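Trainee: I would like to take a close look at one part of this model, and I would be grateful for a connected explanation.

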Protein chains: 2
Amino acid sequence: MKLSEGVEQGLHCALLLAEAPAGVPLPRRVLAEHYGLPEAYLAKHLQALTRAGLLRATPGPSGGFRLARPADEITVLDVLEAIDGPASPFVCQEIRQQGTGAARPEECTRPCAIATVMVGAHQAWRESLRAVTLDQLVKRVPQTLRKRNRAKFGSDPAA
Amino acid sequence: MKLSEGVEQGLHCALLLAEAPAGVPLPRRVLAEHYGLPEAYLAKHLQALTRAGLLRATPGPSGGFRLARPADEITVLDVLEAIDGPASPFVCQEIRQQGTGAARPEECTRPCAIATVMVGAHQAWRESLRAVTLDQLVKRVPQTLRKRNRAKFGSDPAA
DNA sequence: GGGTCGTAGATACTGTATATCCACGTTAGA
DNA sequence: TCTAACGTGGATATACAGTATCTACGACCC
């Protein structure tokens with residue numbers, strides 16, 4: 001069981017967008033270079049985040065990506081499921097109904113006990129990720145680094 | 001992110017061994033046919049469970065696999081990690097230290113906030129699986145099915 | 001006591017999904 | 001109208017789940 005690396009990249013980019021002054025779109029090239037990520041691959045995940053309604057993309061010169069919602073309304077789970085999909089890592093194959101020892105239909109009125117346990121674990125995992133917002137993550141970034149990033153992207157004409 | 005199907009197969013086999021009368025080893029061929037599973041593939045997972053000390057394998061005719069411990073001392077997490085490995089699905093690539101916006105070493109004394117959240121989620125997932133034993137799962141198998149399985153494998157000479 | 005069968009164990013191969021890259025089309029600003 | 005940005009689709013390489021085959025060992029039977 002392995003989580004896509006795109007999830008980590010997407011999370012870092014979303015976090016950076018949450019750090020940057022609001023309203024200033026960052027081009028994907030800037031995002032990719034900032035973290036040394038493959039730009040073409042990152043593009044695919046930024047698209048996924050945009051389709052999920054987490055980011056807003058604007059084309060053309062001085063375009064780029066920015067958060068579509070306030071950072072305290074975007075959870076880590078939102079970002080993860082936008083990129084990796086909402087599917088559970090465990091999908092019950094209904095093994096109990098196969099082979100010579102197959103359970104009869106009337107014995108399968110309740111879901112398979114194993115599947116039930118796995119679903120519960122997945123819910124616990126999701127709840128843990130849903131409890132953290134991008135805003136909370138920003139607060140855990142070292143202040144010196146945060147200040148540096150704000151300065152780097154703070155060419156905000158409104159300022 | 002996808003969990004290996006071997007995990008589900010291993011869990012069902014371990015559950016069946018917990019249902020069967022203690023001390024009667026079941027050959028992997030019987031296990032495979034009972035659930036309609038590919039025997040060669042199942043062999044790999046039964047080996048993993050044996051290496052992890054959850055099952056005990058005995059070669060030769062009238063050999064097979066049986067639980068190495070009482071069913072209430074084997075958790076779902078034990079079986080899962082024996083087959084799928086104990087590694088977390090998320091492995092931090094230290095993206096924060098790469099690219100033009102790399103964090104300085106003195107800013108990385110604490111682990112990456114994103115990694116911390118992911119580790120927490122993984123722990124929640126593991127705790128949820130650790131809380132369930134094979135014994136508890138057996139109790140959730142329909143009685144008619146349990147009785148049928150006991151009769152099928154109950155050619156226990158000591159009985 | 002030696003042969004034979006049935007068991008687990010180890011090894012090599014294949015298929016599929018992920019990760020990566022490239023080329024083309026579309027949109028908006030200067 | 002030219003440039004710089006996003007959007008889409010497809011081609012390629014690699015890692016891992018899944019498969020098949022072969023070897024070694026132990027109990028049973030003659």
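Which polar backbone atom is 3.2 Å from a phosphate oxygen of DNA strand C? Please describe the surroundings of that strand closely, and then relate them to the rest of the model.

Mentor: The atom belongs to R28(B): a polar backbone atom of this residue is 3.2 Å from a phosphate oxygen of DNA strand C. The elements that give two or more residues to the surface near this strand are helix 3 of chain A together with helix 3, strand 1 (55-58) and strand 2 (64-67) of chain B. Please keep in mind throughout that this is a predicted model.

Let us remain with DNA strand C. The strand is surrounded by 19 residues, and the closest are S4(A), E5(A), P38(A), Y41(A) and F65(B). Two of these names return when polar contacts with the phosphates are considered. A polar side-chain atom of S4(A) lies 2.7 Å from a phosphate oxygen of DNA strand C. In the side chain of Y41(A), an N or O atom is 3.2 Å from a phosphate oxygen of that strand. The contact of R28(B) involves a polar backbone atom, whereas those of S4(A) and Y41(A) involve side-chain atoms.

The surface may also be described by its sources and its composition. Helix 3 of chain A supplies the largest share of the surface near DNA strand C, namely three residues. By class, the residues of this surface divide into eight nonpolar, six polar and five charged. On the side of the DNA, 62% of the atoms of strand C within 4 Å of the protein belong to sugar or phosphate, and the rest belong to bases.

DNA strand D can be read in the same order. Here 22 residues surround the strand, and R28(A), Q47(A), S4(B), Y41(B) and K44(B) are the closest. An N or O atom in the side chain of S4(B) is 2.9 Å from a phosphate oxygen of DNA strand D. E5(B) takes part through its backbone, where a polar atom is 3.1 Å from a phosphate oxygen of the strand. G60(A) also contributes a backbone N or O atom, which lies 3.3 Å from a sugar or linking oxygen of DNA strand D.

Both chains contribute to this second surface as well. At least two residues each come from helix 3 (39-51), strand 1 (55-58) and strand 2 (64-67) of chain A, and from helix 1 (5-19) and helix 3 (39-51) of chain B. The surface near DNA strand D holds ten nonpolar, six polar and six charged residues. Of the atoms of strand D within 4 Å of the protein, sugar or phosphate accounts for 60% and bases for the rest.

We may now follow Y41(A) from the DNA into the protein. Among the residues that touch Q9(A), beyond those up to four places away in sequence, are P38(A), Y41(A) and, from the other chain, I95(B). Q9(A) is found in helix 1 of chain A. Its relative accessible area is 6%, which is under 20%, and so Q9(A) counts as buried.

I95(B) leads on to C112(B): the two residues are 17 apart in sequence, and their C-alpha atoms are 9.1 Å apart in space. C112(B) has its place in the loop between helix 4 (76-84) and helix 5 (113-130) of chain B. This residue is buried as well, because its relative accessibility is 6%. Apart from neighbours within four places in sequence, C112(B) is in contact with H12(A), C92(B) and R96(B).

The loop between strand 1 and strand 2 of chain A offers a contrast, for it holds S62(A). This residue counts as exposed because its relative accessibility is 72%. Its phi is near 60°, a positive value in a residue other than glycine. Most residues other than glycine have a negative phi.

Finally, consider chain A as a whole. It has seven helices and two strands, and from the N terminus on its elements run α-α-α-β-β-α-α-α-α. The radius of gyration of chain A is 21 Å, while a compact globule of 159 residues would have one near 15 Å. Taken along the principal axes, its C-alpha atoms fill a box of roughly 70 × 30 × 25 Å. Buried residues make up 47% of the chain.

How values were computed
Residues numbered from 1 in each chain as written. Chains lettered and ligands numbered in written order. Predicted model: local features only at pLDDT ≥ 70, side-chain atom pairs only at ≥ 80, totals over all residues. Heavy atoms only, no water. Near = heavy atom within 4 Å. Polar contact = N/O pair within 3.5 Å; in protein donor to acceptor, adjacent residues only side chain to side chain. Helix = DSSP H or I, 4+ residues; strand = E, 2+ residues; numbered from the N terminus. Nonpolar A, V, L, I, M, F, W, Y, C, P; charged D, E, K, R; others polar. Rg over C-alpha atoms; globule rule 2.2 N^0.38 Å. Buried < 20%, exposed > 50% of the residue type's maximum accessible area, 1.4 Å probe, protein only. Contact = heavy atoms within 4.5 Å.
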